[in-house]
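Visitor: Please take me through one part of this model in detail. I would like to look at the place where two chains meet, and at the empty space around it.

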Amino acid sequence: MRPFLEQCTNGLAVGSIYALIALGYTMVYGVLKLINFAHGDLFTYGAYLGMTLLTSLLLHERLGIGPGLLVLALMVMGLVALLGVLLERVAYRPVRSSPRLNAVVSALGASIFLQNGLMLVYGARYQVYPDVLPQTAFSILGLHVPVLRVGVVLASVAMMAVLYFFVQRTRLGAAVRAVAIDPDAARLMGIDVNKIIMLVFVIGPALGGAAGLLVGLYYGQISFTMGWTYGMKAFTAAILGGIGNIPGAMLGGLLLGLIEALGAAYLSMAWRDAIAYGVLILILIVRPSGLLGERVADKV
Amino acid sequence: MKRVMGALALALGVCMTGTVRASDTIKIGMIAPLTGAWASEGQEMKRNGELLAAELNGRGGLLGKQVELVIEDDGGDPRTASLAAQRLTSRGVVAVIGTYGSAVTEATQTIFDEEGILQIANGSTAVRLTEKGLKNFFRTCPRDDEQGRVAAAVIQKSGAKRIALVHDSSAYSKGLADEINTLLSAKGVTPVFFEALTPKEQDYSAILTKLKAAQPDIVFFTGYYPEAGLLLKQKKQMGWNVPFVGGDAINNPDLVKIAGREAAQGFRFLSPPVPKDLDTPEAKAYMAAYQKKYGEAPNSIYGVLAADGFRVIAKAIEATKSTETPKLREYLVGSLKDFPGYTGTIAFNGKGDRVGELYRVYAVDAAGSFVLQP
Amino acid sequence: MNRRLALIYGIAAAALAVVPLLAGLSPDGRYWVEVLNNVGLYALLALSLNVILGDAGLFNMGHAAFYAVGAYTAAIFNTRLGVPILWTLPLSGAVAALFAVLVARPVVHLRGDYLLIVTIGMGEIVRIALVNNVFGLTGGANGIIGIARPSLFGHRIRRSEEFFYLIWGFVALTVFLFHRLARSRFGRALNYLREDEIAAEGSGVPTARHRLKVFALGAAWAGMTGTLFAAKMTSISPESFGVGESVQLFAMVILGGSGSIPGVVAGAAMLTGLSEVFRGFASARMLVVGAAMVLMMAVRPQGLFPVHLPRFRAADLPSPGPGAPEREALP
């Protein structure tokens, strides 16, 4: 029983990271009906920028761990959000009225550009985060759970809760939902659609960047290709939960993390990624609207 | 368009006609991963080669001519490597040193062999490379089966009864794991765990949990250092203390960086000796010269193995007073005995493999240094 | 096809035919022949992706999987059953086509970006399966070695120059056949499908079946190219068939001009040529490719060398009555 529960906690931790990244995908898709290929790379930028800021500014030493990391997180999120806005302006806005393929290619091109840009700046080797967080663990129900793992899950859930509150309970959030449902009607209601889109490209990437920072702090090692794998899995999570649906992204992320961990543990480690992709394909065949999605994806 | 391409190819073909030169230097080729995943190895190979060429020329060169080192980048990838090999063959090199990575070397073997050029690999340990009967292929690095033997011996010596083997599905890693498995089975020992992890990922808690459930006494990981570092770190996070041992792909200073000093302490791995442990006077003098020229000591043993490859070729040319491959080959197989290489004495057998045992056991100490074990 | 294009093809063919002979004149010649060989293989792959992506408008980013299936089929039949490698050409094409139909069937109805992601996933699953030595046939990460050289009419094809003729001969055949396809009923139906699926369905085009057919066709060609690749390299391993390859092919088709046969070949030549010229700067090269893709979509989405051929000649149209304006002949 214990290994099973341990695998579950593993899965939940990874899953919460997937969920954070998935939120970015789902929000952008909701308003633009476009899969932001470069989102995974924004996540990677978060991790790298976090590392650079952490090692150069040493905030955790100047301000203490708690406040130091908080300020770091805000900085990283801000920078990545800026990058996201830039991305939208350069790669997505010019093709907004063009056929679908153009936007897809543009997104792909942006992703390639970002990934290689990072590689040129930082080099191809793995980079390591300095050890700033306590490595302690505690025992619960006989399970050995590292504090960090709980921290990751809590941080992710906290961010998701804030987002959910924002989208459901604030006017701006309502505007976002309106644009997601029907941009033209929203425009008629006096909503500045361009601003909303920009906002989405601030929030989504900020969350992705935060996820990157979390990954860096938790695992300690980052590489410039991690955006690709995490991106694909996060996208799978978003689809699993129902694309365009925010609670869906959260649920999908956690669920995918669990499925992957348990599948890898009980079926085969070597096929772990294939299991995740298999879930994606299965969902799209069997229930393309995802678990919580109300709308069926068009032309499916 | 096609017409432009055709014209371009034509023009290039004509332009290239003018580049044949008189051979007033002896060209020794090197094919190395100057870019790509193994760039750090390739860059060291280059440095070693250039240093030796400069030293040799300072002493008058070979057979009265200056020696020129011609380097091509194989990018750590078989396809790029085969193009690079093609380029080298067209440059009139008399022999080639390289490369790192068995799959990459394999892509170049046929090309050099078909052109009758001697090749001495420095970082390709897959057994099959010298089992194909290629007459002109040699290597200064050991083979995976030697590492397998040493690994099996280490495991047995540790007294462990329940053994876990973990690899990463790559050719090298799985090959080594299979080798160890076969040797253990021959002694009647079956591993309680034999599985692969996915490389280039970060979260190995799943496989560690699964490993832990199998309750091994010792875990042997045959993969590369990034994954090893993460395994060590995450195993410590789990509070699991079973000893881990690794293969030679783990030999990299970044291991300690990734795992953290605490987690890495006590970890053992197999490797040919690291440069700082090469203790002959010539080796020490060479390290000093390298340090003087480049400002730091060599980090990778594979770079020094390339240096030994270069010296062996130079010796063969001197001794046979010729640059013809059949003569060089004969010399290397028949007459080269106990050549004082920096990495130890060198001799080759009929297959082109280096004779002698090179693998040692290293342990990571509390300060994060790699300490040679007796 | 029109006369000007035919002339261009003729000149290109003549120039290419002479290249290997000239190559013997210079020490670097063999190397350039090898580069052109690679261009040829990529051109074939790009052409095969073009029918799926360019003609039918189906976003396929897992094309390397078909390539892999073909290459491995050829390798397995050759090394285990002793089938001469050229005879495996139709086999690998057929197996790849079958594979394509099997995997595409459940997902071919998906729209644009979804199909893209799913094909990426499928490509990765194929690669993982190859690495894990599925069915015990694929040799794991080592791949398969010892593939025989092709032999044509008793002559063993071994040197780069000989492969040049084999590969580019195949390219010429492919270009010819695909031009015929473009003018055929099926080809026109594919374009219709790309432009407006609902209208096509309404006009009686069996869209689902055509989509499967085009996947099969593209896969078959990629599979056959896989055979040529296997024969040339004599050993294949999973690392040659990853997502990076699929992305490269995608870029070649898009940047060259999706739907345009000469455009796609030019795209392949350009990207492969760039790789060689920028050998030392792999990241910088990809940076440029990525930026080019973004820029192109904003500025010139039809690609660098779009050639859209008329399906008919002006002279074939029924002549208008007297007094109607003169019809202009299409270029």
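Guide: This is a predicted model. Start with chains A and C. In chain A, 43 residues are in contact with 38 residues of chain C. The area buried between chain A and chain C is about 3800 Å². Carbon and sulfur atoms give 80% of that area. Charge pairing is absent here: the rule finds zero salt bridges across the interface of chain A and chain C. Polar contacts are present, with two residue pairs found across this interface. Both pairs are at pLDDT 80 or more.

Next, the elements on the chain A side. Those that give two or more residues to the side touching chain C are helix H4 (65-92), helix H5 (100-122), helix H10 (226-241) and helix H12 (272-286) of chain A. H5(A) provides the largest share, 15 residues. By class, the side of chain A that touches chain C has 32 nonpolar, six polar and five charged residues.

Keep H5 of chain A in view and turn to the second largest pocket. About 740 Å³ of space lies in this pocket. Its lining has 28 residues. Those nearest the centre of the pocket are Pro99(A), Leu101(A), Gly57(C), Phe59(C) and Arg194(C). Four helices each supply at least two residues of the lining. One is H5 of chain A. The others belong to chain C: helix H2 (29-55), helix H5 (112-131) and helix H7 (185-195). The lining residues of this pocket divide into 12 nonpolar, eight polar and eight charged.

Now the closed spaces. The structure holds 11 cavities of 30 Å³ or more. H10 of chain A, already listed on the side that touches chain C, also supplies residues to the two largest of these cavities, as the next details show.

The second largest cavity has a volume of about 100 Å³. Helix H2 (39-57) and H10 of chain A each supply at least two residues of its lining. H10(A) gives the largest share, five residues. Among the lining residues of this cavity are Gly227(A), Trp228(A), Gly231(A), Met232(A) and Phe235(A). Tyr25(A), Ile35(A), Phe37(A), Gly40(A), Asp41(A) and Ser111(A) line the second largest cavity too. Chain C takes part in the lining through Ile117(C). By class, the lining has seven nonpolar, four polar and one charged residues.

Stay with H10 and move to the largest cavity. About 150 Å³ of space lies there. It is lined by 15 residues. The closest to the centre of the largest cavity are Thr229(A), Tyr230(A), Lys200(B), Glu201(B) and Gln202(B). This brings chain B into the picture. Helix H1 (2-32), strand S4 (221-222) and H10 of chain A each supply at least two lining residues. H10(A) gives the most, with four residues. The lining of the largest cavity has six nonpolar, four polar and five charged residues.

Glu201(B) deserves a second look. Side chains of opposite charge can pair when their charged atoms come close. Glu201(B) forms a salt bridge with Lys233(A), and the closest N and O atoms are 3.9 Å apart. The cut-off for a salt bridge is 4 Å, so this pair falls within the rule. The pair crosses between chains. On one end, Glu201(B) sits in the loop between strand S7 (193-196) and helix H7 (205-213) of chain B. On the other, Lys233(A) is in helix H10 of chain A. Over all chains the count comes to 31 salt bridges.

Two backbone details in chain B round this off. A cis peptide bond joins Gly98(B) and Thr99(B), with omega about 5 degrees. Thr99(B) is in the loop between strand S3 (95-97) and helix H4 (102-114) of chain B. Leu63(B) has a phi near 50 degrees, a positive value in a residue other than glycine. Leu63(B) is found in the loop between helix H2 (39-58) and strand S2 (66-73) of chain B.

Terms used:
Residues are numbered from 1 along each chain as its sequence is written. Chains are lettered from A and ligands numbered from 1 in the order in which they are written. This is a predicted model: local features need pLDDT of at least 70, side-chain atom pairs count only at pLDDT 80 or more; totals for chains, interfaces and linings use all residues. Side-chain values use heavy atoms; hydrogens and water are left out. Contact means heavy atoms within 4.5 Å. Buried area is the accessible area (1.4 Å probe) that two parts lose on being put together, summed over both. A salt bridge is a side-chain nitrogen of Lys or Arg within 4 Å of a carboxyl oxygen of Asp or Glu. A polar contact is a pair of N or O atoms within 3.5 Å; within protein, one must be able to donate a hydrogen and the other to accept it, and residues adjacent in sequence count only if both atoms are side-chain atoms. Ala, Val, Leu, Ile, Met, Phe, Trp, Tyr, Cys and Pro count as nonpolar, Asp, Glu, Lys and Arg as charged, and the others, Gly among them, as polar. On a 1 Å grid over the protein atoms alone, a cavity is a set of points where a 1.4 Å probe fits but cannot get out, and a pocket is an open set with protein on both sides within 12 Å along at least five of seven lines; lining residues have an atom within 4 Å of a point. Grid points are joined across faces, edges and corners, and a volume is the space filled by probe spheres set on the points.
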